Amino acid sequence: MNRYLCVHGHFYQPPRENPWLNEVEIQDSAYPYHDWNEKITIECYAPNGASRILDAENKIIDIVNNYSKISFNFGPTLLSWMLRKKPDTYEKIIKADIDSQEKFSGHGSAIAQVYNHMIMPLANKRDKQTQIEWGIKDFEYRFQRKPEGMWLSETAVDLETLDLMADYGIKFTILSPHQAHKVKSIQSKEWLDASGGKIDPKQAYLCRLPSGKSINIFFYDGPVSQDIAFGGLLDNGDNFANRLIGTFSDNKEQPQLVHIATDGETYGHHHTYGEMALSYGLSHIAEKARAKITIYAEFLEKFPPVYEVRIIENSSWSCFHGIERWKSNCGCNLGTHSGWDQSWRVGLRKAMDWLRDTLAGIYEEQILKYLDDAWEARNDYINVILKRTPDSINEFLSIHSVKELTETEKTNVLRLLEMQRHAMLMYTSCGWFFDDVSGTEAMQIIHYAARAIQLARTVSGIDLEAEYLKILKGAKSNIKEHENAAKLYEKFVKTTRLDLKRVAAHYAVSSIFNAYDTQVTIYNYEIERKAYENMEAGKQRFITGSICIKSEITLEKEEFSYAVLHLGDHIIFGGICTVLNDEVFTRMYLEAKDAFGKSDVSSIISLFDKYFQGHDFSLWHVFRDEQRRIFTQMLTFTLKEIETSFRQINAHHYPIMLAMKQTNIPLPQVLLSTFSFIFNKDIKNALEQEDVDIKRIINLVKESKRWVLNIDKTTLGFVASKKISSLMARFKENPQDAALLKNMENLFKILRPLCLQMRIWEAQNIYFAVKKDLYDAMKGKAKQDDNLAKKWVSNFKALGGYLFVRSR
């Protein structure tokens with residue numbers, strides 16, 4: 001067969017971690033999920049690891065790992081998050097690459113990506129090298145092999161980048177057809193025009209580089225990729241398959257590669273159930289032998305290039321103007337804000353370039369006091385980033401240090417390397433991609449810049465902030481109240497900046513609401529309690545203590561004493577200072593104890609000024625996730641009071657509401673809102689119980705049918721999905737439990753009228769696995785008149801109907 005088909009998915013999310021905490025904090029826009037990484041994992045990354053193939057009746061007949069059947073790359077920073085937060089999905093991705101090597105002649109389906117999605121043509125040579133080396137080493141660490149290909153951010157390309165990739169042993173990359181300039185047969189001297197997307201994408205091309213090296217390039221099919229990403233091709237698996245097959249030419253002699261490349265999030269996040277169209281289409285094509293499914297490395301081995309190509313430098317797949325989208329007001333935007341422009345990109349780029357170059361000078365001057373080669377050390381620092389342990393740090397320092405380092409010197413080295421890591425992260429492409437400098441992505445990279453500035457000041461004493469903000473003023477926001485990026489920095493970045501004292505403030509204030517152990521890790525900080533005293537009187541509480549805080553990232557360490565006075569609700573006064581010696585701490589505690597015993601609040605507050613130089617810390621200094629949890633805890637009683645009032649209102653007015661309903665008189669909106677609140681609360685409570693009260697839910701759903709209620713389908717769907725997954729996990733542990741099967745069937749049946757937005761792929765996975773392992777055996781027992789088996793088979797088939805899985 002001379003027909004080969006390859007689908008490439010570029011799976012990527014920008015790094016979203018708080019630069020000081022190294023974790024993604026809660027993002028309200030991702031509700032009901034914690035953050036956008038989690039949301040997109042549930043919608044896309046996880047389902048692609050267990051994608052359903054449906055029959056003509058939309059019943060699941062198979063579940064496959066799409067990653068093992070396609071070419072793909074994952075952003076290294078996304079995989080780092082996934083390993084910590086969604087290890088099951090992470091393992092499916094890694095396993096897919098292992099399994100794919102059996103399918104594709106020893107070649108794996110995964111390829112590498114430049115580390116944090118930097119636009120490579122806009123980077124200097126040093127940064128290009130680090131991006132490539134970090135991307136390769138991250139890949140090797142996770143996939144335990146060398147990458148053959150590498151994805152370029154936004155497919156943005158220049159010859160220097162390709163030359164460096166070839167230096168590192170990368171065999172190929174993937175570009176848009178519009179990035180080809182000229183083409184010729186390797187045997188010919190005549191170059192033909194290939195610009196404007198005229199290049200034939202059905203083969204690999206050799207690109208000779210200025211150094212004398214070469215790299216292979218695949219130009220994906222532009223029109224088909226466009227229809228998949230932005231059209232309706234993923235609405236139907238047959239249409240998807242037919243469009244791919246229809247792209248082959250009638251030439252039956254020459255090998256042809258039809259291949260597409262899109263954002264991986266197309267399959268499930270941008271297009272709901274797009275992963276199912278992908279799995280069905282590839283399965284259908286393979287089963288009908290309409291083409292051979294392959295990946296780039298396998299095709300390249302079988303069919304080396306016979307044509308040579310010259311690229312259009314400084315071009316990309318997502319900007320008509322080359323790479324202007326990441327440095328100027330070129331006109332490329334989302335098109336959702338009429339009248340806005342993106343001239344802010346110029347100022348943001350200038351500020352980042354100035355900061356990068358200034359930081360480089362500080363880095364070189366400082367790091368050479370400790371290490372032999374500044375930039376080789378930065379390249380090798382990825383080994384520490386991948387495995388932040390004392391052993392990996394010591395191994396790194398043993399290789400690069402020019403002398404035996406003190407603990408303070410080790411910390412300075414790590415600070416400088418972290419400064420350079422954040423100088424990398426502040427160039428993440430998404431910072432320039434969207435419509436305004438006040439957007440989440442632009443503000444994220446400005447936060448990274450702030451962290452780099454802070455580290456530079458700590459190590460060298462040089463403060464770059466004022467000059468950086470002066471340049472940043474040139475990035476004018478489209479939103480009048482924001483004015484410019486410098487104002488945004490003052491408003492939103494400075495307030496979140498952390499140091500060890502701020503971490504101590506978080507610990508101190510949150511200890512009012514948490515019973516911390518003697519040793520605790522909060523994000524990337526290890527905290528050891530040295531002293532602790534607690535006094536309570538009614539709603540009032542006074543806590544004081546001493547702690548030692550150590551950063552797991554830079555190893556910096558400091559001891560603090562603290563005191564916190566809680567007067568109830570959100571009224572909190574807190575003070576932090578360098579650790580008090582035992583004598584002073586004891587004196588402070590005894591004075592506080594005396595004042596607290598007399599309920600002398602003013603005297604207690606005066607102690608803050610006496611011992612802690614003020615009482616500046618409060619609930620506002622607690623980290624975002626914990627702050628949210630504390631406020632929720634504070635509001636528990638208030639919300640319960642409101643709920644009680646609503647129930648009383650509803651019970652008192654229910655008879656007249658029913659009379660109005662029976663006479664077809666519309667109910668006042670306030671009464672419907674009250675009723676809706678109670679209904680949503682009761683359903684949620686019923687679903688969150690360990691043992692679901694089926695009768696209670698039946699009555700609630702019946703009642704909802706009488707009224708036109710505002711059902712919170714997002715929240716209830718999320719809670720119901722978790723309950724189904726929980727019940728299925730119990731079923732997995734005891735798969736012969738027919739009663740549990742019946743309960744799940746009943747729950748689906750009862751909830752169906754509510755039309756909830758449920759994600760049941762986890763339950764489907766378990767059901768499908770049990771079906772493969774147990775169904776035939778139980779069916780055999782049922783045929784032998786085993787009554788329990790008969791009941792089990794009946795209940796299992798019924799549940800399969802609700803899970804849309806073919807049970808026979």
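## The second largest pocket

In this predicted model, helix H27 gives the largest share of the lining of the second largest pocket, ten residues. H27 spans residues 761-783, and the pocket holds about 1,400 Å³ of space. Of the 45 residues that line it, Ala46, Lys92, Trp761, Glu762 and Asn765 are the closest to its centre.

Which elements give two or more residues to this lining? Besides H27, they are helix H1 (36-49), strand E3 (60-64), helix H3 (87-103) and helix H25 (713-733). Sorted by class, the lining has 19 nonpolar, eleven polar and 15 charged residues.

## A hairpin that includes E3

Strand E3, which helps to line that pocket, also has a partner strand. Strand E2 (residues 51-54) is joined to E3 by four bridges, and the two run antiparallel. To find one spot where they meet, look for isoleucine 53, which stands opposite aspartate 62 in E3.

Together E2 and E3 make a hairpin, with five residues between them. In the turn you will find asparagine 58, whose phi is positive, at about 60°.

## A sheet of five strands

Now move along the chain to an open sheet. As a reminder, strands of a sheet pair through backbone hydrogen bonds, either parallel or antiparallel. Here the five strands follow the order E15-E16-E17-E18-E19, and the pairing is antiparallel. Which strands stand at the edges? They are E15 (519-522) and E19 (572-578); each has a single partner strand, so one side of each is left without a neighbour in the sheet. If direction is ignored, neighbouring strands of this sheet are turned by 30° against each other on average.

Take a look at the pair formed by E18 and E19. Strand E18 covers residues 557-566, and it pairs with E19 in the antiparallel sense over seven bridges. Serine 561 has cysteine 577 in E19 as its bridge partner.

## Helices against the sheet

Two helices can be placed against these strands. Helix H21 (residues 601-612) packs on the sheet and touches E17, E18 and E19. The direction of H21 makes about 165° with that of E18.

Helix H19 (residues 500-510) lies across E15, E16, E17, E18 and E19. H19 runs at about 40° to E18. Strand E16 covers residues 525-537, and strand E17 covers residues 540-551.

## Two pairs of packed helices

Two packed helices are described by the angle between their axes and the distance between the axes. Try this on helix H24 (residues 694-706) and helix H26 (residues 738-751), which pack at an angle of about 10° with their axes 10 Å apart. Angles under 35 degrees count as roughly parallel, and that makes H24 roughly parallel to H26. On the H24 side, the contact is made by Ile694, Ile697, Ile698 and Val701; on the H26 side, by Asn743, Asn746, Leu747, Ile750 and Leu751. By class, the residues of this contact are seven nonpolar, two polar and no charged.

The second pair is helix H16 (residues 440-460) with helix H17 (residues 465-472), packed at about 155° with their axes 10 Å apart. An angle over 145 degrees counts as roughly antiparallel, and that makes H16 roughly antiparallel to H17. Ile446, Ala449, Ile453 and Arg457 of H16 meet Glu465, Tyr468 and Leu472 of H17. This contact divides into five nonpolar, no polar and two charged residues.

## Cavities inside the model

How many cavities of 30 Å³ or more are counted? The count comes to five. The largest cavity has a volume of about 80 Å³ and is lined by 13 residues, with Pro19, Trp20, Arg451, Asn524 and Ile553 nearest its centre. Helix H14 (residues 407-425) supplies the largest share of this lining, three residues. By class, the lining of the largest cavity has four nonpolar, five polar and four charged residues.

The second largest cavity has a volume of about 70 Å³. Among the residues that line it are Asn124, Arg126, Asp127, Trp375 and Gln420. Helix H4 (125-143), helix H10 (344-367), helix H11 (374-380) and H14 each supply at least two residues of this lining. In the lining of the second largest cavity, four residues are nonpolar, two are polar and five are charged.

How values were computed. Residues numbered from 1 in each chain as written. Predicted model: local features only at pLDDT ≥ 70, side-chain atom pairs only at ≥ 80, totals over all residues. Heavy atoms only, no water. 1 Å grid on protein atoms, 1.4 Å probe; cavity = no way out; pocket = protein on both sides within 12 Å on 5 of 7 lines; lining within 4 Å. Points joined across faces, edges and corners; volume = space filled by probe spheres on them. Nonpolar A, V, L, I, M, F, W, Y, C, P; charged D, E, K, R; others polar. Axes fitted to C-alpha atoms, helices over the stretch in contact; angles between N-to-C directions. Parallel < 35°, antiparallel > 145°, perpendicular 65-115°, else oblique. Contact = heavy atoms within 4.5 Å. Pairing = 2+ DSSP bridges.
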